[in-house]
Amino acid sequence: MKNFWVILKRELAAYFNSPIAYVFIIIFLMLSAGFTFFVSGFYDTNQADLRAFFSWHPWLYLFLIPSASMRLWAEERRSGTVELLLTLPVTLADVVLGKFVASWLFVGLALFLTFPMVFTVAYLGAPDGGVILAGYLGSFLMAGAYLAIGCAASALTRNQVVAFILAVVVSLLFVLVGFGVFTGILASFLPSGLLDLVAQLGFITHFDSIQRGVLDSRDLLYFLSVMGWMLAANVVILEARRGE
Amino acid sequence: MIEVRKLVKDFGPIRAVDGICFKVGKGEILGFLGPNGAGKSTTMKILTCFLPPTSGTAIVGEVDVRKDSLAVRRKVGYLPEGTPLYSDMDVLGFLRFVAEVRGFRGEEAAAAVDRVMASCRLERVRHQSIDTLSKGFRQRVGFAQAILHDPPVLILDEPTDGLDPNQKHEVRDLIKSMGKEKCIILSTHILEEVEAVCTRAIIIDRGRIVADETPEGLRRRSRQHGALQLLVEADGAAMENELAELDGVEKVTCEALDDSKLCRVRIYSSADSIPLQPVLDRLAGKKCPVREVTLLKGSLDEVFRSITRKEGAAA
C-alpha cells in the first residue's frame with residue numbers, strides 16, 4: 001500500500017511534466033464555459049443553477065478523458081518501462097490504483113478549476129448550494145468511471161491513438177445507453193421492464209439523478225462499480241498481455 | 001543463489017525456452033550468450049518475475065519465482081534490454097522514485113540515491129531530464145537503478161549495448177567490482193566481453209543450453225586452440241607435405257599471403273603439445289626463414305559459431 005502513494009506521486013508529476021496537463025485543463029475549461037454560455041444559453045434560461053453547465057459533462061468527458069488516460073499504460077508498453085515497473089517490488093493492484101487515482105485527481109483538479117462558474121451563479125442569483133455540490137460530486141464520480149474505462153483501454157495496446165479510440169467507443173456505449181434518442185429506438189422493440197434495466201446501465205441516467213441533488217446510494221454505487229470492474233479488467237489485461 | 005530448474009516458456013506455439021537448468025552462486029559472473037531469439041532475454045524476464053514460466057521454475061536467493069514474486073523482486077536488481085527509463089523525469093527524480101518503491105524513505109532514500117550517483121558517476125547530470133541524456137549516461141542511470149538497493153542478485157540484459165569502447169570499459173569495471181559480493185547474470189553478443197568480465201559462460205541456442213563452461217574452457221573447444229601458427233618465407237604446397245610427416249603433427253594448412261612471399265602455416269597437433277623444435281629444425285633445414293611464431297588460443301567467436309550453427313543444422 002505504501003507503493004500506491006509512490007506510484008500516485010510519480011504519475012501525477014508525469015502529467016505536469018508534459019504539456020498534456022495544461023492543454024487538457026485549458027481545453028476543458030474553455031469548452032465547458034463555451035458550451036454553457038453560448039450553446040446552452042446560460043443567461044437566457046434565467047435560472048440560478050448549473051444544470052446547463054453539468055449537462056455537457058458527459059459529452060465533454062467522452063472525448064477529453066480518453067486523452068488524459070490514453071498515455072497511462074500504452075506509453076509504458078511502447079517505451080518498455082512497463083518491464084522496469086513490474087520488476088520492481090510493487091503489486092499490480094498498487095500500480096493500477098496508483099495510476100488511476102493520479103489521473104482521477106488530475107481530472108478532479110480540472111473540474112475544480114471551473115469554480116468561477118459557481119461564483120457566477122452565486123452573483124446572479126441565489127442558487128442551491130447543495131445541488132451544485134451534488135452536481136460536482138456526480139461529475140467527479142462520472143469522470144472516474146470514464147477514466148477507469150480509459151485505463152483498461154490503455155492497457156490493451158502500445159499505441160496511444162488506439163487506446164484513445166477504444167476508450168471513446170466503449171465510453172460512448174455507456175453514454176448512449178440511457179440517452180433519450182437511443183432509448184427511443186430501443187423502446188420500439190424492447191419490453192419496458194428490460195428497457196428500464198438497460199437505461200440503468202448508462203452514465204446519463206445516474207448522472208442526471210445525482211445532478212438533481214438526489215444523492216441515491218444506487219447512483220454512487222453504480223459509478224463506483226463501473227470503476228471497480230474496469231480496474232479489475234485493467235489488472236487482468238495487464239496480467240494476460242505482459243510479454244507482448 | 002540462482003537455481004533454474006527445467007525452465008520452459010512458450011509464446012503460443014513457439015517454445016522460447018526449452019527445459020533450461022543451471023545454477024549460479026555468489027561471486028560468479030555468468031555470461032549469457034546466444035544468437036538473437038535464443039531465449040536469453042526470456043530467461044532473464046522469468047528470473048526477474050516479469051514473465052511467468054510455462055513450466056519448471058527458478059529459485060532466486062532461496063525464493064521460488066512462482067511462489068513469492070515480490071520477495072524475488074526485492075532481492076534482484078534488473079537492467080532490462082534497451083534500458084527503458086521514464087524519459088519525462090530527471091535523473092534525481094527517477095532514482096528517487098526507484099528508491100521509494102524499493103522501500104527507502106526520506107534521508108535513507110537520499111543517501112541511497114547519492115551513493116549510486118557517486119558509484120555510477122551521475123552527479124554531473126543530476127538534474128538533467130532523462131530524454132536529453134546521451135546513451136552512455138542513460139545506460140549508467142539504468143545501472144544505478146539496478147544496484148540502488150544493493151541487491152544480492154543482479155541481472156543485466158545487454159548492459160554494454162550501444163556504448164562506445166570507453167563506456168564499455170567503464171561498465172565492465174563496474175560489473176567486475178561488484179562481482180565478488182553478488183551473483184550476476186549478464187547477457188551479451190560481444191564475446192570479448194565474456195572473457196573480460198565473466199567467470200563462466202552459458203551458450204543458449206533455440207531455448208536450450210548448448211555449452212556451460214568457463215570462457216577459457218570454451219576457448220579450448222576451438223579447433224584453433226593450441227595450434228601453432230608460423231609465418232614462413234616459402235612455397236606453401238611443398239611445405240605442407242614436408243611438415244605433415246613430422247611426429248605428432250596431425251594436420252597442416254598453408255596459405256599464401258597476398259602481398260609478399262610469406263606463407264601462413266598452421267599446424268594442428270594430436271598430442272598435448274606441438275612439436276615446436278622439430279618443426280623449426282625442419283624449416284631451418286629447408287632454408288626457410290621463420291618470421292613469426294604464434295601459439296593460437298582459439299577464438300570464442302569461432303566456438304560460438306560452430307556450436308550454434310551445429311545445433312541449427314541438426315534441427
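A residue counts as buried under 20% relative accessible area, as exposed over 50%, and as partly exposed in between. The model examined here is predicted. By these bounds B:Arg15 is partly exposed, because its relative accessible area is 44%. B:Asp10 is also partly exposed, at 23% relative accessibility. The side chains of B:Asp10 and B:Arg15 meet in a salt bridge, with 2.7 Å from N to O.

B:Lys9 lies in strand 1 of chain B, which covers residues 2–11. B:Lys9 is buried but forms no salt bridge. The nearest side chain of opposite charge belongs to B:Asp10 and is 8.3 Å away. A salt bridge requires a nitrogen of Lys or Arg within 4 Å of a carboxyl oxygen, so B:Lys9 and B:Asp10 do not qualify. The side chain of B:Lys9 instead reaches a backbone oxygen, that of B:Pro52, at 2.8 Å. Residues up to four places away in sequence aside, B:Lys9 touches B:Ile14, B:Arg15, B:Ala16 and B:Val17, among others. Its contacts also include B:Thr42, B:Ile46, B:Pro52, B:Pro53 and B:Thr54. B:Arg15 thus appears twice, as a contact of B:Lys9 and as the salt-bridge partner of B:Asp10.

Over all chains, the count of salt bridges comes to 27. One of them pairs B:Glu100 with A:Lys9, the closest N and O atoms being 3.0 Å apart. B:Glu100 lies in helix 3 of chain B and A:Lys9 in helix 1 of chain A, so this salt bridge joins two chains. B:Glu100 counts as buried because its relative accessibility, 12%, is under 20%. A further salt bridge links the side chains of A:Asp216 and A:Arg218, at 2.9 Å from N to O. A:Asp216 is partly exposed, with a relative accessible area of 23%. A:Arg218 is exposed, at 61%.

Turning again to B:Asp10 and B:Arg15, their side chains form a salt bridge. Elsewhere, salt bridges that share partners join A:Arg10, A:Glu11, A:Arg71, A:Glu76, A:Lys99 and B:Asp88 into one network.

Aromatic pairs were counted as well. The total over all chains is 24. In one pair, A:Tyr15 and A:Phe106, the ring centres are 4.4 Å apart and the planes meet at 10°, so the rings are stacked. This pair links distant parts of the chain. A:Tyr15 sits in helix 1 (residues 2–17) of chain A and A:Phe106 in helix 7 (residues 92–112) of chain A, 91 residues apart. Both rings belong to buried residues: A:Tyr15 has a relative accessible area of 0%, and A:Phe106 has 1%.

In chain B, B:Tyr86 and B:Phe97 form an edge-to-face pair. Their centres are 6.0 Å apart, with 80° between the planes. B:Tyr86 lies in the loop between strand 6 (76–79) and helix 3 (91–101) of chain B, while B:Phe97 lies in helix 3, 11 residues away. B:Tyr86 and B:Phe97 are buried.

A:Tyr15 and A:Phe106 are also members of one aromatic cluster. The cluster further includes A:Phe16, A:Tyr22, A:Phe24, A:Phe28 and A:Tyr61. A:Tyr146, A:Phe174, A:Phe203, A:Tyr222 and A:Phe223 belong to it too.

At the domain level, the assignment for chain B gives domain 1 (2–220) and domain 2 (228–296). The C-alpha centres of these domains lie 46 Å apart.

Definitions and conventions:
Residues numbered from 1 in each chain as written. Chains lettered and ligands numbered in written order. Predicted model: local features only at pLDDT ≥ 70, side-chain atom pairs only at ≥ 80, totals over all residues. Heavy atoms only, no water. Helix = DSSP H or I, 4+ residues; strand = E, 2+ residues; numbered from the N terminus. Buried < 20%, exposed > 50% of the residue type's maximum accessible area, 1.4 Å probe, protein only. Lys, Arg positive; Asp, Glu negative; His and termini not counted. Polar contact = N/O pair within 3.5 Å; in protein donor to acceptor, adjacent residues only side chain to side chain. Contact = heavy atoms within 4.5 Å. Domains from an automatic or database assignment. Phe/Tyr/Trp six-rings, centres within 6.5 Å; stacked < 30°, edge-to-face > 60°.
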